[in-house]
Amino acid sequence: MAAPSEVNGDPIHCPAKVPAMAYPLSEESAEVAANIKYHSQYSPHFSPFKFEPEQAYYATAESVRDSLIKRWNDTYLCFHKVDPKQTYYLSMEYLQGRMLTNAIGNLNILDVYADALHKLGSDLENIAEQEKDAALGSALPGKAKKKWLKIGLSRKWVGGEVLRALAYDVPIPGYKTKNTISLRLWEAKAGSEDFNLFQFNEGRHESSLHLHSKAQQICAVLYPGDSIESGKLLRLKQQFFLSSASLQDIIYRFKERRAGNESICWNEFPMKVAVQLNDTHPTLAIPELMRILMDDEGLGWDEAWDITTKTIAYTNHTVLPEALEKWPQDVMRKLLPRHMEIIEEIDKRFMAFIHSSWPDLGSGLERMRILDSSNPHKPVLRMANLCVVSSHTVNGVAELHSEILKSELFADYVSIWPNKFQNKTNGVTPRRWIRFCNPRLSDIVTKWLKTDEWITNLDLLSGLRQFADNKDLQAEWASAKMANKNRLAHFVLQVTGVSIDPSSLFDIQVKRIHEYKRQLLNILGAVFRYKKLKEMSSEERQTATPRTIMIGGKAFATYTNAKRIVRLVNDVGAIVNNDPEVNKYLKVVFIPNYNVSVAEILIPGSELSQHISTAGMEASGTSNMKFALNGCLIIGTLDGANVEIREEIGVENFFLFGAKAEDVAKLRREREDGLFKPDPRFEEAKQFIRSGAFGTYDYGPLVDSLEGNSGYGRGDYFLVGHDFPSYVDAQARVDEAYKDRRRWLKMSILSTAGCGKFSSDRTISQYAKEIWNIDHCTVP
């Protein structure tokens, strides 16, 4: 796909155990096999004497790309000819997972490639596993459309570095359509003139390559630590690099489609271009577009501002104060002085507008400012405020989240621009997240609905409701789930060395490790469960519901409490899993290196999924949708998209616990005022950890963060103590429900049946109609 290294040499020798002509192939499969064989022979990099999985993957990827290239080019030529309005989605990162299986699935050639590889002595599933998940935010080297873009000096912006942005395009095929669009990734390069040959020849090798090294740092690590100024400058460089390269590219394309015109009508720009900012990381696109329009294209402020505000929209993904970017003004001025001038002018004009039109806003005025100088020693730039002021539309990503944005975070702006704010509940693609990752269950759905049209019209899943009590469907459903659980158990053994029982309840929480997502609540519950099992007689244990708890995720390298939580999960697992009295009834496993490909194994094999963030803290979540779509039941709070999932699948099929979002502020005040009375079970679980039962590591600071005003953290800011008793009670309801197999299977079927709303097709369609104002442009 992008970057297949290439394979070399002479004819491939298929393994002797699989005779080359042992399997009759369709004409199409035979052609594919020949094409794969061609790439293995004439794309030089690997030994010609072997056709091992890695070589087979690269040859297969090259072959699939052959199928994509014409579609890709046809799409580009169609768009160039028709000149439709297009959306450009700017994001610092994409978690798209493996591309090979997604491509052959969307191209509807999965069986053809499976047959072809079978002839060549290989297995498609094994071949696909050779592909590594793309690293966050990194460019993928490979054959791509290359375009060099200059970033740097203008007539008003003097000094600084000149970089070149190298584009790597990854083809993204649609499902059963010729349309194949591009995911464009950028790599930073120094200008060729920045290599000092004289210094190099004089032996000053490092000095001669200094600017090349500085350019490479921009793409080396996404989100580098920013506790010191150099880290902040590097982060800002990353954000500006993405924004500027993308905008220059967009404008180049806009002009290219008007080649031959005597002059460019810039008022057409918002009619042809929609730019969506994915959170605040690409915020610098706002002053950069203003800079290009004014400094490079000669427009006045009013015209440039009108174009910018009609072009750019902003999606907010968080209400966490620490995640709403605030950059020191002096750092911004040091790196991007021209952009800081533009931002200061935006702030100045916005304040003038507020004073003249809304003089009674009072204290709201300072909250709305883009430039916050309330602390004269540390004046900052509020990126979210800049986005809201400069965008034509602002949206949240779940109904609850969008209401919190309007009623709390951006309430002052809502008072002057009530129509600027929208909700767009997230969705997930049914292709990757059930059809491709869970073919067993997908085939059952298609059989019972008597159509596969649900793959592009997920609302059709509601047709399963009428069969939820059917014994035959339940038996097929249980068989598919068990096959997926066996696959997951094999994976866990492979990556952790822990043997887990597929007949136990598979209970999974996988997401970024953060205190608000409350992996700590999960592991506290596991500790309490373990303690209760230890206190039972052997006869009592036999009545317990066996459970395997799996936790996975990643955290920022500098997040100390997240590291402590990960260590605690592993330490609890080490004790529990090796306790012969208990390990038949409870296992605790930390899943390492969590990514999209791991999720594609975990989610189909899951039975219970934990989405247990403090109410009001999770913007939406999408893993909750993926789990529910695959027939996994949820234990969760009324947070993010959980609220809508529960409504869609039925309240009786959701294990609810915890405080409501509207009560959180009051509960925090009570905690601070010493009015909270902890449940004895909560105290019992904490004390068990303090006792050293799980090793010698000092978990005092982590447990102390759950106390009141202890001096650690924010005094159980995320209300683990408040929600713990209802969490334990909800888990007890899970145990009882799981014992009734028919009831559990019915709930599982109804979960899948209720997930029609959570398709990304629906989400994107709503963005297209209600924010971007774009139409379908189908390649003929």
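At what angle do helix H21 (residues 471-496) and helix H32 (residues 741-753) pack, and how far apart are their axes? The legends below take up this contact and several others in what is a predicted model.

**View 1. Packing of helix H21 against helix H32.** The two helices, H21 (residues 471-496) and H32 (residues 741-753), pack at an angle of about 85°, and their axes lie 10 Å apart. That angle makes H21 roughly perpendicular to H32. On the H21 side the contact is made by Lys471, Leu473, Gln474, Trp477 and Ala478, while H32 contributes Arg742, Leu745, Lys746, Ser748, Ile749 and Thr752. By character, the residues of this contact between H21 and H32 divide into five nonpolar, three polar and three charged.

**View 2. The six-stranded parallel sheet and its edges.** Six strands, in the order S14-S13-S12-S15-S16-S17, form an open sheet in which the pairing is parallel. Strand S14 (586-591) and strand S17 (654-656) stand at the edges with a single partner strand each, so one side of each is left without a neighbour in the sheet. Averaged over the sheet and with direction ignored, neighbouring strands are turned by 20° against each other. At the S14 edge, strand S13 (residues 547-552) pairs with S14 in the parallel sense over six bridges, and Thr548 stands opposite Lys587 in S14.

**View 3. Helices packed on the six-stranded sheet.** Helix H22 (residues 519-535) packs on this sheet, where it touches strand S12 (505-510), S13, S14 and strand S15 (608-611), and the direction of H22 makes about 155° with that of S14. Helix H31 (residues 720-739) lies across S12, S13, S15, strand S16 (633-636) and S17, and runs at about 155° to S17.

**View 4. The crossing of helix H22 with helix H29.** The axes of H22 and helix H29 (residues 680-690) come within 9 Å and cross at roughly 90°. The two helices, H22 and H29, are therefore roughly perpendicular to each other. Leu524, Val527, Phe528, Tyr530, Lys531, Lys532 and Glu535 of H22 make the contact with Arg681, Phe682, Glu684, Ala685, Lys686, Phe688 and Ile689 of H29. The residues of this contact of H22 with H29 comprise eight nonpolar, no polar and six charged.

**View 5. The kinked helix H2 and the residue that follows.** Helix H2 (residues 53-82) has 30 residues and reaches 43 Å from its first C-alpha to its last, which is close to the 44 Å expected at 1.5 Å a residue. H2 nevertheless contains a kink of about 30°, centred on Leu68. Just after H2, Asp83 takes a positive phi of about 55°.

**View 6. The antiparallel hairpin of strands S3 and S4.** Strand S3 (residues 163-173) and strand S4 (residues 180-190) run antiparallel and are joined by 11 bridges. Within this pairing, Tyr168 stands opposite Leu185 in S4. The hairpin has six residues between the strands, and in this hairpin Lys176 takes a positive phi near 55°.

**View 7. The three-stranded antiparallel sheet and helix H16.** Three strands form an open sheet in the order S7-S9-S8, with antiparallel pairing. Strand S7 (326-328) and strand S8 (371-372) are the edge strands, each of which pairs on one side only. S8 and strand S9 (residues 380-382) pair in the antiparallel sense over two bridges, and Leu371 stands opposite Leu381 in S9. Helix H16 (residues 383-390) packs on this sheet, touching S7 and S9, and the direction of H16 makes about 45° with that of S9.

Note on methods:
Residues are numbered from 1 along each chain as its sequence is written. This is a predicted model: local features need pLDDT of at least 70, side-chain atom pairs count only at pLDDT 80 or more; totals for chains, interfaces and linings use all residues. Side-chain values use heavy atoms; hydrogens and water are left out. Axes are lines fitted to C-alpha atoms, for helices over the stretch in contact, and angles run from 0 to 180 degrees between N-to-C directions. Helices (H or I, at least four residues) and strands (E, at least two) are DSSP runs, numbered from the N terminus. Angles under 35 degrees count as roughly parallel, over 145 as roughly antiparallel, 65 to 115 as roughly perpendicular and the rest as oblique. Contact means heavy atoms within 4.5 Å. Ala, Val, Leu, Ile, Met, Phe, Trp, Tyr, Cys and Pro count as nonpolar, Asp, Glu, Lys and Arg as charged, and the others, Gly among them, as polar. The expected span of a helix is 1.5 Å times one less than its number of residues. The bend at a residue is the angle between axes fitted to the seven residues ending there and the seven starting there. Two strands pair if DSSP finds at least two bridges between them.
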